[in-house]
There are 2 protein chains.
Amino acid sequence: MLATAIIDKKRDFQELSREEIRFMIDGLTAGTVSDPQIAAWAMAITCRGMNEAETTALTDAMLDSGSRLERGSDRPRIDKHSTGGLGDKVSLILAPLLACFDVEVPMLSGRGLGITGGTLDKLESYPGYRCNLSASEIDAQLQSLGCVITGTTPDIAPADRRLYQLRDVTGTVPSVSLITASIMSKKLAATLDALVLDVKWGSGAFMQSLDQARELADALVATGQRMGVATRAMLTDMNQPLGKMVGNACEANEAVDVLRGDGPADTRELTLRLAASLLVQASLYDDSSRAYDALAARLLDGTAYERFHKMVAAQGGVFQPLLPVAPVATEIGAADSGWLSGLNGAQLGRAVIELGGGRQQLGDRLDHSVGLEMLARLGERVDAGQPVVRIFSSNPDRTRAAAALIRSAITIGERPITAPSLIVPSA
Amino acid sequence: MLATAIIDKKRDFQELSREEIRFMIDGLTAGTVSDPQIAAWAMAITCRGMNEAETTALTDAMLDSGSRLERGSDRPRIDKHSTGGLGDKVSLILAPLLACFDVEVPMLSGRGLGITGGTLDKLESYPGYRCNLSASEIDAQLQSLGCVITGTTPDIAPADRRLYQLRDVTGTVPSVSLITASIMSKKLAATLDALVLDVKWGSGAFMQSLDQARELADALVATGQRMGVATRAMLTDMNQPLGKMVGNACEANEAVDVLRGDGPADTRELTLRLAASLLVQASLYDDSSRAYDALAARLLDGTAYERFHKMVAAQGGVFQPLLPVAPVATEIGAADSGWLSGLNGAQLGRAVIELGGGRQQLGDRLDHSVGLEMLARLGERVDAGQPVVRIFSSNPDRTRAAAALIRSAITIGERPITAPSLIVPSA
């Protein structure tokens, strides 16, 4: 087999065989196919697309480039993945909540890069929290607590890491097939029975339109099903942050609010819906409304909260019910009276980066204490000067830069608007 | 400017600015844009295309990556480029023929790779012929003889060399824009007034269909005109070799036949038509039929032949009117009686490589003495067993391999066919 012939084939709109796709990924891992060849191939895939069979073969080859987590019990293994959004602290609630049932939740997460935050960064707001658990430590914690939230181990899907480094600099990130294979190869390395995907759409998400998000959701679900894992997806709104808080410690505190039966309605609702879907997918419940009620009960009776507390402690973190956050620096008010009709997520995300709460580049150190609080939601009537966003920061220069971005993120309309639904039914 | 943003733009079907294209080519030359980025960009160009303005900007940037030949006189500088085909020895005749007029022909040529031969290889059949003339040697020879056929100097369009190495292994060779910029950046480095392009189509050409050839011809002409050079193109037939002979010394001998007023009609006709076009483009003649007649007279009166002889000698070659060729090894006959309806150029070209007369890889050494002679032309009536191709070779193993390929190249039809016209009018 020749790499050039495989690149030609994709360039010429042809379907690649399982063997050809494996040849490229094995060659990427072994270094026998060159980086320029992989980059050109990735661009051909981005331009020409891949069908479900090809995307599944790509996922499978990337999965096989590394090792998988072993199963230490017969309990169903379930997990959730979000495509990333502003204020998305669902994982912090969902993992310990599901662990209250007879399941294992081996959540291998990432750090934040660009405008969306990372689950690991939020958890590292607890001093000492370890994100580099070994495969055997993960297994032990799943046995004892039923849940773990840690970083991907180095031997999981190394081809994905290598490919992503190339994609990042070669304009080949926005390919549904490449995104799908990247997500699924890492998730399926946890040897799951069921997976639910929270595919975000809107100004604060990678997929700006509902159609793009639906295309990605379809590819993710098809690939998961073809790989033998019960997979579902929800299309959820990211035209405004999820919950009220954005920023690492701020979001951890808000997650704790939900875990204690309180917190913002959208965050609570989305978490329960995703978790209920998983309990049904894993056949622990027949219908999702009964699963939902059972899960909601665990938020009210304190067991989910306790499980979270234990998880943080098991991973070396010093748990505190309310983490300290930076002082209120200022509040950004509405420029006019009217209806809050736009909260540009990209701008809000950049504001958090300016404050020091997000990364521009891999390796940037974070200030976990900074953040934003949303004081109004899309569609609300606001008066001129009424505070819309509160900034937590102790650095005046950074606050000023963030404030400018936040002002540009807020649109006040002259007419009422209807905010997008939190969850759009998937096809 | 960011390389990734420029790659994204082309991927997303947008037109690149002159500055963006120059940024990429300068970055390629300086090494500040990485090879994977260039490869992905080349694939995006291959998939999405470039318009005339972009292709011209690309040509210009590649031209500016190196130096140009200086002009030592006011005489018009003219040149021809062929996209390559089997048996194409036109350059050997055309350069000295045109040099009989008051012009300069600075022909910077290449070596053969794959199925089509190279002008330099053919000339190196004369022992001692030098293809590595310096810019000042080129200039001196243009002053004294009016023509030179030598290799591209290392400081001409280095970006093209670098880009071609990447394209060759990344599936990005067949892009009309990239081909156009590659050809034109090297040709225009000779500081031309007029250029004619011989764009081949058919089984022995890079462009298999007339439509593809026309698209390339249009791009080449548009780019040349935009760069201020009088540029024309002819679409010519490569469904069978040009002339009767294929192979290095064989073709040099056939070129000499034409230079002495003899030789095959197609080769003579095509050479005269291309040369006549150039004399009109350079305003030495008003109409091409008068130019044609004047050129034909130079073939008959021996001046073109003498000029060729002098050129070979000036470049260190030992001229011989008839170079020795390998003995006739065998003749391949028609399998059936009928009409010769196919002579697959790719197969014939591979046969020459098998004989040792062509290169599979850059750097392969050639046997200049081997070759093929076409004993029948497309459309001719042949009887079963009648010889169609004669093989010159002294190596039985190589002959056997070549014979098998030649047999597969010959199609005998049950009905008469009309062979394609030698020259198709360009749009």
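Contact here means heavy atoms within 4.5 Å. This is a predicted model, where local features need pLDDT of at least 70, side-chain atom pairs count only at pLDDT 80 or more, and totals for chains, interfaces and linings use all residues. Residues are numbered from 1 along each chain as its sequence is written, chains are lettered from A and ligands numbered from 1 in the order in which they are written, and side-chain values use heavy atoms, with hydrogens and water left out.

**Exercise 1. Place B:Q240 and list its contacts beyond its neighbours within four places in sequence.**

Step 1. Find the element. B:Q240 sits in the loop between β5 (230–237) and β6 (245–246) of chain B. Helices (H or I, at least four residues) and strands (E, at least two) are DSSP runs, numbered from the N terminus.

Step 2. Check accessibility. B:Q240 has 7% relative accessibility and counts as buried. The classes are buried under 20% relative accessible area, exposed over 50%, and partly exposed in between (1.4 Å probe, protein chains only).

Step 3. Collect the contacts. With neighbours within four places set aside, B:Q240 touches B:L343, B:R377 and B:L378.

Step 4. Look for polar atoms. A polar atom of the B:Q240 side chain lies 2.8 Å from the backbone nitrogen of B:L378.

**Exercise 2. Describe the contact between chain A and chain B.**

Step 1. Count residues. Chain A contributes 21 residues and chain B contributes 21 residues.

Step 2. Take the area. About 1,500 Å² is buried between chain A and chain B, and carbon and sulfur atoms give 72% of it. Buried area is the accessible area (1.4 Å probe) that two parts lose on being put together, summed over both.

Step 3. Name the main contributors in chain A. A:R11, A:P36 and A:M43 lose the most area to chain B, together 32% of what that side buries.

Step 4. Test for charge pairs. The rule finds zero salt bridges across this interface. A salt bridge is a side-chain nitrogen of Lys or Arg within 4 Å of a carboxyl oxygen of Asp or Glu.

Step 5. Test for polar contacts. Four residue pairs are in polar contact between chain A and chain B, both residues at pLDDT 80 or more. A polar contact is a pair of N or O atoms within 3.5 Å; within protein, one must be able to donate a hydrogen and the other to accept it, and residues adjacent in sequence count only if both atoms are side-chain atoms.

Step 6. Assign elements. On the side of chain A that touches chain B, α1 (3–11), α3 (35–48) and α8 (158–169) of chain A each supply at least two residues. α3(A) gives the most, with 10 residues.

Step 7. Sort by type. The chain A side divides into 10 nonpolar, six polar and five charged residues. Ala, Val, Leu, Ile, Met, Phe, Trp, Tyr, Cys and Pro count as nonpolar, Asp, Glu, Lys and Arg as charged, and the others, Gly among them, as polar.

**Exercise 3. Relate chain A to chain B.**

Step 1. Superpose. A turn of 180° and a shift of 0.0 Å along the axis lay chain A on chain B with an RMSD of 0.0 Å. The fit is by least squares on the C-alpha atoms of residues with pLDDT of at least 70 in both copies.

Step 2. Read the symmetry. The two copies are thus related as by a two-fold rotation axis.

Step 3. Compare surfaces. The same surface serves both copies, since 100% of the contact residues of chain A recur in chain B.

**Exercise 4. Trace salt bridges within the chains.**

Step 1. Get the total. The rule gives 62 salt bridges over all chains.

Step 2. Take chain A. A:D160 and A:K186 pair at 3.4 Å, N to O. A:D160 lies in helix α8 and A:K186 in helix α9 of chain A, so the pair ties together parts 26 residues apart in sequence. A:D160 is buried at 5% relative accessible area, while A:K186 is partly exposed at 31%.

Step 3. Take chain B. The closest N and O atoms of B:K187 and B:D79 are 2.7 Å apart, in a salt bridge. B:K187 is in helix α9 and B:D79 in strand β1 of chain B, so this pair ties together parts 108 residues apart in sequence. Both B:K187 and B:D79 are buried.

Step 4. Look for networks. One network of salt bridges links A:R18, A:R22, A:D60, A:D64 and A:R68.
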